Amino acid sequence: MGRRPTLLLGLGLNSAAGLLSALVPGFYSLCFLRFLAGLGVGAILSSLVTLATESSPPSKRGRNVAFVGCFFTFGTVYVALLALWFYGGNPTEKVISWRIFVALCALPSFLGTVMVYIYVPESARFLALQHRHAEATKIANHIGYAMGFRGQELEESEIQYHHSSYRPYHTTRNPAISFTVLKQITSIAMASISKLYTPEILPKTLTLQVVWMTLSFGAGLSTWINVVLKKMQVSNLYYNALYYSLASIPGNLAAAYFMDRMGRKTLMAFGMLGASMSLLYFSKVASDFMNTEIPNNDTNASIATLCACIFHAFVVIAWGTVNVITSESFPTEVRSTGLGVCAASARMIAMFVQYVNGALVDQPDVLLRISSIAMLIGALFSMTLRDTSFKPLKDEISFMNGNGKDYRNLDHREDDYDELIKNGNIEMKDDTNVDFV
Amino acid sequence: MTDQTKNQNIMTEKTNASPRSLDDYYEQASANDLTSIASSYWILLIALGFANSGDAAEITNMNFVLSNEEFAETILLGDFKQKGALLAACIFGGMLLGGLLVRHKTQFHLFSVYLF
């Protein structure tokens, strides 16, 4: 299945689940629709980056993927503005139903579905890998024309030259489902995952997993931040929620600015430590409020909101950095699997933490303190990571030199790796094989 | 003669230039990218951007729904501990499974052949 159909399927699922959520009779049907929306999000996130990457010239890949990534903030701000418009001036919150709100939240997905359907062609690279050379050529020329290029068009023979020796990506379109084949696929998957736990990279894998899981644990608070602020009787809740959403803009800018200047490792620890400290102070404010039993005043409310916004900005820095440091830490042969395993662990924790947050929502100070501790643990673990800034990407877990000597025992040392490159024992390969679960 | 050398010969005879890869071609085509900032290529990126904002809206709207009084009273019946948590967890469960199913560049891509 191509990138474009996957993306459209994800967007369609998202839009349908969002719209149908407005009509649900009860709780469990809503849960089912939220699960379907999640399936859609998973499909979108996986195919979106690949499609943006493969439709971009190599020198502008980073810029284009970042441009597409910026729209995430647009989505969160849209939801916050919608809530402000619906409920901002309405203390009872009962005039406009949450059902209409949920239905309108599906609007960006719906718009995305229509726009992708009209304007986004399948990835030419994907078609070329499937030996669909004529279609690939047509799409590549379409994109070239859209870029404003009026020179000599790409010819089918050029794509054939580069792609004819490749095995088709999916060997068959409608394979028979058999237990044996499924077993084989599972064993291939397990073999690839087990490579992550070989002694050479085991410490790296486990450290990164802890960082992803603690970050996901702390960031799980985002779903409950309005409930927490409401428990603290913060007035103008929806203005505060808007500020909270907007805080991701400075977060993104800071991540982009400091990524190379500060180095990934320091920025990762800085992001998680900053998030931890802001939550710690937030919990102190919440604790003061809970213990004094007097109505919350505006100063406390402003400090609580400010802490939440700072927390969000730091979380955005940490999410941005963890993706980069993870994809750079794993060698090419396990990079995608490594990212997948880390992201999957994070998703599992994201599910688990909702129960922790739900259980502690009546004690916001405790909830905030626990999230703060999780972030602190993540910050400490990220300090033990090796900085990957300006380091060449590794391709394999172990290397052989010209004499066939195994460098397995040395390859975890960056100096040796640099030495190998200098001596021409190994070569750097261009790698674009980075995507997210 | 392999396919590759055969194709290379065809190319050499035809254009007398080395065959361009997709990356080469996109690079060549985008050489004046900045001057054509209004080019329809940007609509492609904006369309992908809207797709991205769609999933952002789906992920974040629960924050507002959970804090909505009408919702808490009529759907959650005031139960944040079990129902609120389950509802908030559902989307991440879906994301986990959805992500695994469509990961083209890993071994998991084969699963998508079976399931879609």
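This is a short conversation about reading a predicted two-chain model.

Visitor: What should I know about the numbering and the confidence limits before I start?

Guide: Residues are numbered from 1 along each chain as its sequence is written, and chains are lettered from A and ligands numbered from 1 in the order in which they are written. The model is predicted, with local features needing pLDDT of at least 70 and side-chain atom pairs counting only at pLDDT 80 or more, while totals for chains, interfaces and linings use all residues.

Visitor: Thanks! How many helices and strands does each chain have?

Guide: Helices (H or I, at least four residues) and strands (E, at least two) are DSSP runs, numbered from the N terminus. Chain A comes to 18 helices and 0 strands. Chain B has 6 helices and 0 strands, and its elements run α-α-α-α-α-α from the N terminus on.

Visitor: What share of each chain is buried?

Guide: A residue is buried if 20 or more other C-beta atoms lie within 10 Å of its own, exposed if 12 or fewer, and partly exposed in between, with C-beta atoms placed from the backbone. In chain A, 48% of the 437 residues count as buried. In chain B, buried residues make up 53% of 116.

Visitor: Which residues of chain B meet chain A, by element and by class?

Guide: Two residues are in contact if their C-beta atoms, placed from the backbone, lie within 7 Å. On that basis, the contact takes 113 residues from chain A and 85 residues from chain B. H3(B) brings the largest share of the chain B side, 24 residues; the elements giving two or more residues are helix H1 (3-15), helix H2 (22-29), helix H3 (41-66), helix H4 (69-74), H5 and helix H6 (109-115) of chain B. For classes, Ala, Val, Leu, Ile, Met, Phe, Trp, Tyr, Cys and Pro count as nonpolar, Asp, Glu, Lys and Arg as charged, and the others, Gly among them, as polar. The chain B side then has 44 nonpolar, 28 polar and 13 charged residues.

Visitor: At what angle do H2(A) and H5(B) pack?

Guide: Axes are lines fitted to C-alpha atoms, for helices over the stretch in contact, and angles run from 0 to 180 degrees between N-to-C directions. Helix H2 (residues 27-54) of chain A and helix H5 (residues 80-101) of chain B pack at about 35°, their axes 6 Å apart. A crossing is left-handed if the near helix is turned anticlockwise from the far one by less than a right angle, and right-handed if clockwise; H2(A) passes H5(B) in a right-handed crossing. The residues of this contact divide into 18 nonpolar, 8 polar and 2 charged.

Visitor: How is chain A divided into domains?

Guide: Domain bounds come from an automatic or database domain assignment. Chain A has domain 1 (1-120) and domain 2 (196-437). Between them, 15 residues of domain 1 are in contact with 13 residues of domain 2. On the domain 1 side, H3(A) gives the most, with 8 residues, and that side divides into 8 nonpolar, 7 polar and no charged residues.

Visitor: Where does the largest nonpolar core lie?

Guide: A nonpolar core is a set of buried Ala, Val, Leu, Ile, Met, Phe, Trp, Tyr and Cys residues joined through C-beta atoms within 7 Å. Here the largest has 156 residues, of which Leu48(A), Ala304(A) and Leu48(B) touch the most other members. Helix H15 (residues 298-329) of chain A gives the most to this core, 15 residues. Both domain 1 (1-120) and domain 2 (196-437) of chain A give residues to this core, so it lies between them. Not counting residues up to four places away in sequence, Leu48(A) touches Leu7(A), Val68(A), Leu48(B), Ala51(B) and Asn52(B).

Visitor: Which phi does His131(A) have, and where is this residue found?

Guide: Most residues other than glycine have a negative phi. His131(A) has a positive phi of about 65° although it is not a glycine, and is found in the loop between helix H6 (124-129) and helix H7 (133-146) of chain A. His131(A) counts as partly exposed because it has 15 C-beta neighbours inside 10 Å. Gln233(A) has a positive phi too, of about 55°, and lies in the loop between helix H11 (225-231) and helix H12 (237-246) of chain A.
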